[in-house]
Amino acid sequence: MVQNQSDVYLKVHLMSEITIVPMTADNFNEAKNMMERSFATTMEDLPKNGDADDHAQELPSIDGIFEKPEETPLCFYMDGKMVGGAVLIINGDNSNILTLLFIDSKCLDKGIGYQAWLEIEKRYPQTKTWTTETPPCLMRNIHFYVDKCGFHIIRVKDPKNEEAMFVFQKTMM
C-alpha cells in the first residue's frame with residue numbers, strides 16, 4: 001500500500017513525541033544492545049551468500065564512541081523508553097554526516113525512525129547537507145532514506161566490491 005504524505009503526517013503527529021538526548025555512560029549499554037538487535041534484524045534482509053557469521057563481522061559498533069570527539073552519539077526516547085539512536089558527525093562547514101541510525105527492532109514500521117529523523121533535522125537547523133550510506137541490498141533502508149526522508153542517491157561507493165554502498169545526500173533549504 002502506498003502512503004500519501006497526509007497519511008504520513010497524520011501517523012507521525014498522532015504519536016508521542018520523540019526526545020533526543022546525548023548518549024552517555026548511563027544509557028550506553030542499553031543503546032548498544034538495542035543497536036545490535038536492530039542491525040541483526042536488518043542483516044536478515046541481506047543475501048544469503050555464505051554463512052551467517054560473515055554478516056556478524058559487518059555489523060557497526062558503537063564501542064569506543066566516547067573516545068571519538070568528532071562523533072555525536074544520540075539516543076531517542078518516547079514516553080520515557082529508549083526506542084533508538086543515531087551517531088552524527090557535525091562539521092564546521094555544516095555538511096553533516098549521519099553515520100548510523102537505529103530503531104528498536106520491536107518498534108519498526110511505526111514511523112518512529114521518520115519522527116526521529118525530523119527531530120534531528122530540527123536539532124541541527126544550520127545543516128546545509130546531510131550525507132549517509134547504506135548497502136544497495138537493504139531496500140528497507142533505501143526506501144526510508146529516499147521516499148520518507150528526502151535523500152537522493154548521489155553515487156555508489158566501491159561499485160565493483162561486494163561491500164558496495166549507496167551514498168545518499170539531502171540538501172537542506
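Which side chain meets Lys 170 in a salt bridge? Select Lys 170 and look across to Glu 121: their side chains pair up at 2.5 Å, N to O. Keep in mind as you click around that this is a predicted model. Lys 170 sits in strand β7 (residues 165-171) and Glu 121 in helix α4, so this pair ties together parts that are 49 residues apart in sequence. Now check the surface around the two partners. Lys 170 is buried, at 14% relative accessible area, and Glu 121 is buried as well, at 15%.

Stay on helix α4 for the next stop. Pick Glu 119 and Lys 122, whose side chains form a salt bridge of 3.0 Å, N to O. Both belong to helix α4 (residues 112-123), and being 3 residues apart they are separated by about one helical turn. Turn on the surface here too: Glu 119 counts as buried at 17% relative accessibility, whereas Lys 122, at 56%, counts as exposed.

Next, jump to Lys 32 and Asp 63. Here the salt bridge spans 2.8 Å, N to O. Lys 32 is part of helix α2 (residues 25-43), while Asp 63 lies in the loop between α3 (52-56) and β2, so the bridge links parts that are 31 residues apart in sequence. As for its surroundings, Asp 63 is partly exposed, with a relative accessible area of 41%. Add Glu 36 to your selection, too: Lys 32, Glu 36 and Asp 63 are joined into one network by salt bridges that share partners. Across the whole model, the salt bridges number 7.

Now for an acidic side chain without such a partner. Select Glu 71, which belongs to strand β2 (residues 71-78). What is the nearest side chain of opposite charge to Glu 71? That would be Lys 68, 4.5 Å away. A salt bridge has to fall within 4 Å, and Glu 71, although buried, has none. To see what surrounds Glu 71, show Ile 65, Val 87, Leu 88, Ile 89 and Thr 99: these are its contacts once neighbours within four places in sequence are set aside.

Last stop, the cysteines. Highlight Cys 75, which is buried with a relative accessible area of 0%. Then bring up Cys 107, also counted as buried, at 10%. How many disulfides does the model contain? The count is 0, with the cut-off for a sulfur pair being within 2.5 Å.

Notes. Residues are numbered from 1 along each chain as its sequence is written. This is a predicted model: local features need pLDDT of at least 70, side-chain atom pairs count only at pLDDT 80 or more; totals for chains, interfaces and linings use all residues. Side-chain values use heavy atoms; hydrogens and water are left out. Buried means under 20% relative accessible area, exposed over 50%, partly exposed in between (1.4 Å probe, protein chains only). Helices (H or I, at least four residues) and strands (E, at least two) are DSSP runs, numbered from the N terminus. Lys and Arg count as positive and Asp and Glu as negative; His and the chain ends are not counted. Contact means heavy atoms within 4.5 Å.
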